[in-house]
Amino acid sequence: MTSKIRKATRLRCFINNLPDYDSTKSLTPDLVHLKSEVQSKAVLCALKQPCTHSRYLNGGLYVGASGIGYMFYHIGKSVKFSEEKDDFLKKCLEIIKSCLAFAKKSRQSEATDKCGFLLGDAGTYAVAAAVFNATGQEREAEACLSYYKEVGSICIPLSYTSFGGDELFVGRAGYICGALWLNKEFKKQVIPEELINKVCHSLVESGRNYAKHHRSPCPLMYSYYGTEYLGAAHGLCAILQMLLSCHSFLEENPTAENDIKETVNYLLSLQTPSGNFPCAMDEIGSNARREEDELIHWCHGAPGVVYLMAKAYLRWKEDKYLNSALQCGEVTWKKGLLKKGSGICHGIAGSGYVFLLLHRLTGDEKHLHRANEFAKYLGNSKFLEEARTPDMPYSLYEGYAGTVCFLADLMEPTTSSFPFMDVF
């Protein structure tokens, strides 16, 4: 996701002819089928992306084997798979131990290799800590937590990277994301609040400095390899979401919260009539994409921004953020049957997660119906014949491992969440 996005004219999605919600009809997801799909696809992911080659071990949580380890951990937590839990955790341990060994052997000197969350060692260590804890291996869990805490100091200095060290994949937002996830998984503060707040301070200061230097139209702005991205993958919305998730930092820094809110409001002003968001600042105004060329993915577009708007609504209780999130849902329903595949980054499972979020946020059964329809479309013959094959088709973000997480979450919608992005 690091290359500059180019405009295109090809149709990016399948036409949505799926039946929309009808309140007169009962909503009954096929749990037996979903469970079978989760189990078979999970086994397929482990088989097709084994821990026997560096190509499969590289890529962190995003496209590497550690993401498949996370998949097994994720479904192992589900009450729907209580009988399979031990087997899933055992498989997660097997994969994660291989990933840890690879990380220790091949660790580079680059700072982002050490503390990057989605594309670095930190994410692998975070998942390892969680699964060691879940299997009663406290000493090993503590060693992984120590690593995570230790590398946090790397991304605190404003000089952390020259190309933009604030985003989700290798930057400060990703480090915060992992820290918050670990605290939730352990059900206690295993990554110190003081450390998280220091990273937040740097994240805000970096955004202020960049915005001032580049005369940005909002108090906080960031770039990644020269592009001011707005989406979740490398951009503004995920950075703001992570800051909004650090409640003690916000309470202690009301000026920072004001800057965050003003920046969220600016991003909100960029929402298009269709409900989508531009990919980057160089695609607004006269440079805007044509509607048929819009990217409607988790990585770039409404399916990623929706998490920020949901978090903003939960924090500030203003309906404009809820309305924005609902508009994200509408454009995702219309154009979210993506041809890029089944994954969560730029595939149909990522679109489906939008509806699971909105169902949790509003309680409206319409969104659960839509999530279920998108899940069923993954088995549609047209999709299976015509969808493109991702570079890493069994990985967590590009491939079937993320799909497995989505299908498992569809079985328990009231506790569902996009991997590492729970706003509740």
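**Helix packing and empty space in a predicted model**

Hi everyone. Let's begin with a helix pair: α9 and α10 run roughly antiparallel to each other, because their axes cross at roughly 155° and an angle over 145° counts as antiparallel. Please keep in mind that this is a predicted model.

Staying with that pair, the axes of α9 and α10 come within 10 Å, and α9 passes α10 in a left-handed crossing. On the α9 side, the contact uses R172, A173, Y175, I176, A179 and N183. On the α10 side, the partners are L195, I196, V199, C200, S202, L203 and S206. If you sort the residues of this contact by class, you get 9 nonpolar, 3 polar and 1 charged.

Now for a second pair, α4 and α7. How far apart are their axes, and at what angle do they pack? The axes are 10 Å apart, and the angle is about 30°. That angle is under the 35° cut-off, so α4 and α7 are roughly parallel to each other. Their crossing is left-handed. Here S66, Y70 and Y73 of α4 meet T124, V127, A130, V131 and A134 of α7. By class, the contact of α4 with α7 has 6 nonpolar residues, 2 polar ones and no charged ones.

The third pair is α15, residues 319–335, and α17, residues 365–377. These two pack at about 30° with their axes 12 Å apart, and are therefore roughly parallel to each other. The crossing of α15 and α17 is left-handed. From α15, the contact takes L326, G329, E330, T332 and W333. From α17, K366, H367, R370, E373 and F374 join in. Which classes make up this contact? There are 3 nonpolar, 3 polar and 4 charged residues.

Let's turn to the empty space, starting with the largest pocket. About 950 Å³ of space lies in this pocket, and 45 residues line it. If you want to find the pocket on your screen, look for K77, W181, K184, E185 and D422, which lie nearest its centre. Several elements give two or more residues to the lining, among them the helices we have just met: α4 (65–76), α7 (121–134), α9 (172–186) and α10 (193–213). Also included are α5 (85–106), α11 (236–244), α12 (247–252) and α19 (400–411). Which helix gives the most to this lining? The answer is α9, with 7 residues. Split by class, the pocket lining has 21 nonpolar, 14 polar and 10 charged residues.

What about closed spaces? Searching the whole structure turns up 2 cavities of 30 Å³ or more. The largest cavity has a volume of about 60 Å³. Its lining includes Y307, Y353, L356, L357, R360 and S416. Also in that lining are S417, F418, M421, D422, V423 and F424. You may recognise D422 here: it lines this cavity, and it is also among the residues nearest the centre of the largest pocket. Helix α16, residues 348–362, supplies the largest share of the cavity lining, with 4 residues. By class, the residues around this cavity divide into 8 nonpolar, 2 polar and 2 charged.

So that's our tour, from the helix pairs to the pocket and the cavity. Thanks for listening!

Key: Residues are numbered from 1 along each chain as its sequence is written. This is a predicted model: local features need pLDDT of at least 70, side-chain atom pairs count only at pLDDT 80 or more; totals for chains, interfaces and linings use all residues. Side-chain values use heavy atoms; hydrogens and water are left out. Axes are lines fitted to C-alpha atoms, for helices over the stretch in contact, and angles run from 0 to 180 degrees between N-to-C directions. Angles under 35 degrees count as roughly parallel, over 145 as roughly antiparallel, 65 to 115 as roughly perpendicular and the rest as oblique. A crossing is left-handed if the near helix is turned anticlockwise from the far one by less than a right angle, and right-handed if clockwise. Contact means heavy atoms within 4.5 Å. Ala, Val, Leu, Ile, Met, Phe, Trp, Tyr, Cys and Pro count as nonpolar, Asp, Glu, Lys and Arg as charged, and the others, Gly among them, as polar. On a 1 Å grid over the protein atoms alone, a cavity is a set of points where a 1.4 Å probe fits but cannot get out, and a pocket is an open set with protein on both sides within 12 Å along at least five of seven lines; lining residues have an atom within 4 Å of a point. Grid points are joined across faces, edges and corners, and a volume is the space filled by probe spheres set on the points.
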